[in-house]
Amino acid sequence: MRIGFIGLGNMGAPMAKNLVAAGHEVWGHDLHAPMPEGVHGAISAAGAAKDADVVITMLPNGAILRTVAGEAIPAMKTGAVLCDCSTVDVESARAVADAAAKAGVLAVDAPVSGGVGGAAAGTLTFMAGGSDAAFAIVRPLFDVMGQKAVHCGASGAGQAAKICNNMILGVTMIATCEAFALADKLGLDRQKMFDVVSTSSGYSWTMNAYCPAPGVGPKSPADNDYKPGFAAELMLKDLRLSQQAAKAADADTPMGELAALLYETFVETEGGRGMDFSAMLPRFEKRHRG
Ligand code: NAD
C-alpha cells in the first residue's frame with residue numbers, strides 16, 4: 001500500500017519503520033522529527049496524504065489532529081482511509097471522522113497501548129473505532145505494527161476504550177502504591193506483600209506485571225530508577241481525557257477524578273515529570289497522613 005504517515009515522533013517513527021520493513025511505500029511528514037530510514041519525506045501533511053491508500057496520524061493531541069486532518073483530508077483520494085493512532089479526546093475523533101465522511105474519505109480512530117517498546121517491536125494493541133469497511137482496509141497494517149487489533153465500534157469507540165482502560169490503570173497504580181506505602185509503615189516486608197497480593201484478590205496488572213516496588217516482582221521501571229516506561233505526564237494526559245469525556249457524557253467517575261488530581265500534583269509540583277507513572281510509590285513513601 002501507499003501510506004501517508006504524519007507525526008514521526010517517539011511512537012510514529014518506529015511504527016513507520018515497521019511498515020517500510022513490511023514492503024509498504026511510506027510518505028512521511030513531521031514538523032520537527034527527521035524521517036526514519038526508508039520513509040520518503042513530504043513537505044506538508046497534504047503532500048504525505050496525496051495518492052495514499054491510508055493516512056496514519058500519530059500526533060500529540062486532539063487540537064493538532066484536527067488541524068492536520070483539515071490539511072490532509074482535502075488531499076486524500078475518495079475511499080482512502082484516515083487512521084488516527086494518537087490518543088485524543090473522543091469529540092475530536094468523531095469530528096475528524098465527520099469531516100472525512102463529508103469528503104468521501106473513511107476514518108478509523110485507533111489509539112494504541114504498548115508504548116515505545118511495543119511500537120519498535122511491532123507488538124502494539126490497537127483499539128479501533130469506525131466502519132467495518134474502514135477497519136478491514138487498515139487491519140493488515142495493524143497486523144504489521146501490532147499483535148492485536150480490537151474493533152470496538154463506531155467512530156470514537158477506540159478512544160473511549162483507551163481512556164477507560166487507562167483510567168483503570170491510573171487508579172489501580174495509585175491504589176497499589178498507597179498499599180505498599182501503608183504496608184511499609186505496618187512493618188510488612190515488600191516481597192511478602194507481593195507474594196500475598198499477587199496471588200490474592202488484590203492482584204492487578206500494576207502489581208503482578210509492573211510492580212512499583214524495586215526488586216520485587218518482574219523487572220519494571222521501578223528497577224531502573226523509575227525512568228519511563230510510561231511517563232507520569234502521559235498518564236496525566238490520559239486521565240484528563242477520561243475526565244473530559246466523563247463530563248461530556250455526564251458520568252460519575254470519582255476515582256478517575258481523584259487520580260487525575262493526584263497525577264497533576266505529582267507532575268506539576270512534586271517532580272514527577274519525566275518519571276515513570278509507578279514513581280507514585282516513592283511519592284507516597286515520603287508522605288504522612290493529613
Ligand atoms: P511525540 O511528541 O514523540 O511525537 C509527536 C510528533 O508529532 C512529533 O514528532 C511532532 O513534531 C509531530 N507533530 C506535532 N505537530 C505536528 C503537525 N502539525 N504536523 C506534523 N507533525 C506534527 O509523541 P509520541 O510519544 O510519539 O506520542 C504520540 C501519540 O501517541 C500521543 O497522542 C500519545 O498520547 C500516544 N501514545 C504514546 C505512548 C508513548 O508511550 N509514548 C503510548 C501510547 C500512546
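**Strand 4 and the salt bridges**

In this predicted model, strand 1 (residues 2-6) lines up with strand 4, and the two pair in the parallel sense over 4 bridges. Within that pairing, Phe 5 stands opposite Ile 56 of strand 4. Strand 4 also has strand 5 (residues 81-84) as a partner: the two run parallel, joined by 4 bridges. Here Ile 56 turns up again, standing opposite Cys 83 in strand 5. To get from strand 4 to strand 5, the chain passes through helix 3 (residues 62-72), and this β-α-β crossover is right-handed.

What about the side chains of strand 4 itself? In a regular strand, side chains alternate between the two faces of the sheet. Strand 4 spans residues 54-57, with Val 54 and Ile 56 pointing one way and Val 55 and Thr 57 pointing the other. Whichever way they point, all four of these residues are buried.

Moving on to charged pairs, the structure holds 9 salt bridges. One of them joins Lys 50 to Asp 51, with the closest N and O atoms 3.5 Å apart. Lys 50 counts as partly exposed, at 48% relative accessibility, and Asp 51 is partly exposed too, with a relative accessible area of 40%.

Another salt bridge links Asp 184 with Arg 190, and its closest N and O atoms are 2.7 Å apart. Are these two partners buried or partly exposed? Asp 184 has 29% relative accessibility and so counts as partly exposed. Arg 190, on the other hand, has a relative accessible area of 19%, which puts it in the buried class because the cut-off is under 20%. The pair does not stand alone, either: Asp 184, Arg 190 and Glu 285 are linked in a network of salt bridges.

A further salt bridge connects Glu 270 and Arg 283, whose closest N and O atoms are 2.5 Å apart. Where do the two residues sit along the chain? Glu 270 lies in the loop between helix 11 (254-269) and helix 12 (280-285), while Arg 283 belongs to helix 12, so the pair ties together parts that are 13 residues apart in sequence. As for accessibility, Glu 270 counts as partly exposed at 29%, whereas Arg 283 is buried, with a relative accessible area of 7%.

Conventions
Residues numbered from 1 in each chain as written. Predicted model: local features only at pLDDT ≥ 70, side-chain atom pairs only at ≥ 80, totals over all residues. Heavy atoms only, no water. Buried < 20%, exposed > 50% of the residue type's maximum accessible area, 1.4 Å probe, protein only. Pairing = 2+ DSSP bridges. Right-handed = clockwise from strand over helix to strand, strands pointing away. Salt bridge = Lys/Arg side-chain N within 4 Å of Asp/Glu carboxyl O.
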